Amino acid sequence: MRTRFPPSPTGMLHVGSLRTALYTYILAKKTNGKFLMRIEDTDRARQVEGAIENFLTNLAWAGIVPDEGVMMKDGVLSQSGPHMPYIQSEREATGIYRKYADELVKKGHAYPCFCTSERLEQMLKQQEQRHQPPMYDRQCLELPGHEIKSRLDAGEPHVIRLKVPHERVITFNDDIRGPVSFQGHTVDDQVLLKSDGFPTYHLAHVVDDHLMEIDLVTRGEEWLSSLPKHLLLFEFLGWPVPRYAHLPLLLNADKTKLSKRQGSVSVDEYRNKGYLPEALVNFLALLGWNPGTTQEIFTLAELTEQFDLARVQKSGAILDLTQLD
């Protein structure tokens, strides 16, 4: 099985991300597969210098080393594998995402949108006043072909949006959640390609997961609502859909989403406090996963042998540091 850990370099490695990487790594090793590291850096404005190095250093400290993709040897970043490059900004430069965005437009599954940020902001305010869900109102969906051509020829700024079939019910069997379904009319026409030519996560991860032959996508449950958009993209591009497993979030003691305002969230903080990697790995593995036995301490090898997605809980797990002491 081929799995991947694709962090965005907008901050240092978070304990929730380490748990996701751990589960993803274990699942690859359990099947004698490959664990791939990809960097999803399409959010250029929020990038943090040194984040990629921080990811790799902390993963290696925890015993998690990529088989393929972005790596670090002797303090130097490198890439290795049959699907280079593994950094999305470098992949964008090849035109790969534009190619598939244009294919979607040609097939009638996506369309150019010329709405300005001011117009979209006003639209959202009006929807809020009417107590409507915040969704694009499809003003550009039915533009005449000749108008679209003239505006494109004039170089007018625009994005590419997914055309969601509102009449559809989109269903899927998640490896943790089980059967899930989404009404098409509740799914937004997601931006796929931004006006600067960079793809959004939604298009980029689908393209890359297909081209990199990913079998299983593990990610936080906050992405579950975006799943129908991704399923449609795989369908519209004629590609097989990988397995998806949406992991429960790590929570603060008050059951809110884990936040640095309420405690330690970066792996660096745990390392600086003197926690051993074996202790943190064991602790995180058991946050949301029930081994089904009375065993409480596992080596990474034992986790690899015994881990089962079927025993991952569906609700969030509270991060309680006193359990580590």
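Is lysine 149 buried or exposed in this structure? Select lysine 149 to begin the tour, bearing in mind that the model is predicted: at 52% relative accessibility, the residue counts as exposed, because the cut-off for that class is over 50%.

Keep lysine 149 on screen and add aspartate 153, since the two form a salt bridge whose closest N and O atoms are 2.8 Å apart. Both residues lie in helix H6, 4 residues apart, which is about one turn of the helix, and aspartate 153 is likewise exposed, with a relative accessible area of 56%.

Staying in helix H6 (residues 145-153), select arginine 151 together with glutamate 147, which are also 4 residues apart and so separated by about one helical turn. Their side chains meet in a salt bridge, at 2.9 Å from N to O; here arginine 151 is partly exposed, with a relative accessible area of 21%, and glutamate 147 is partly exposed at 25%.

Next, move to aspartate 209 and arginine 38, a salt bridge in which the closest N and O atoms are 3.0 Å apart. This pair links distant parts of the chain, 171 residues apart, with aspartate 209 in helix H7 (residues 201-211) and arginine 38 in the loop between strand S2 (34-37) and helix H2 (51-61). Aspartate 209 counts as buried at 1% relative accessibility, and arginine 38 counts as buried at 0%.

Finally, extend the selection to Arg4, Glu40, Arg91 and Asp208, which are linked with Arg38 and Asp209 in a network of salt bridges. For the model as a whole, the count comes to 19 salt bridges.

Methods:
Residues numbered from 1 in each chain as written. Predicted model: local features only at pLDDT ≥ 70, side-chain atom pairs only at ≥ 80, totals over all residues. Heavy atoms only, no water. Salt bridge = Lys/Arg side-chain N within 4 Å of Asp/Glu carboxyl O. Helix = DSSP H or I, 4+ residues; strand = E, 2+ residues; numbered from the N terminus. Buried < 20%, exposed > 50% of the residue type's maximum accessible area, 1.4 Å probe, protein only.
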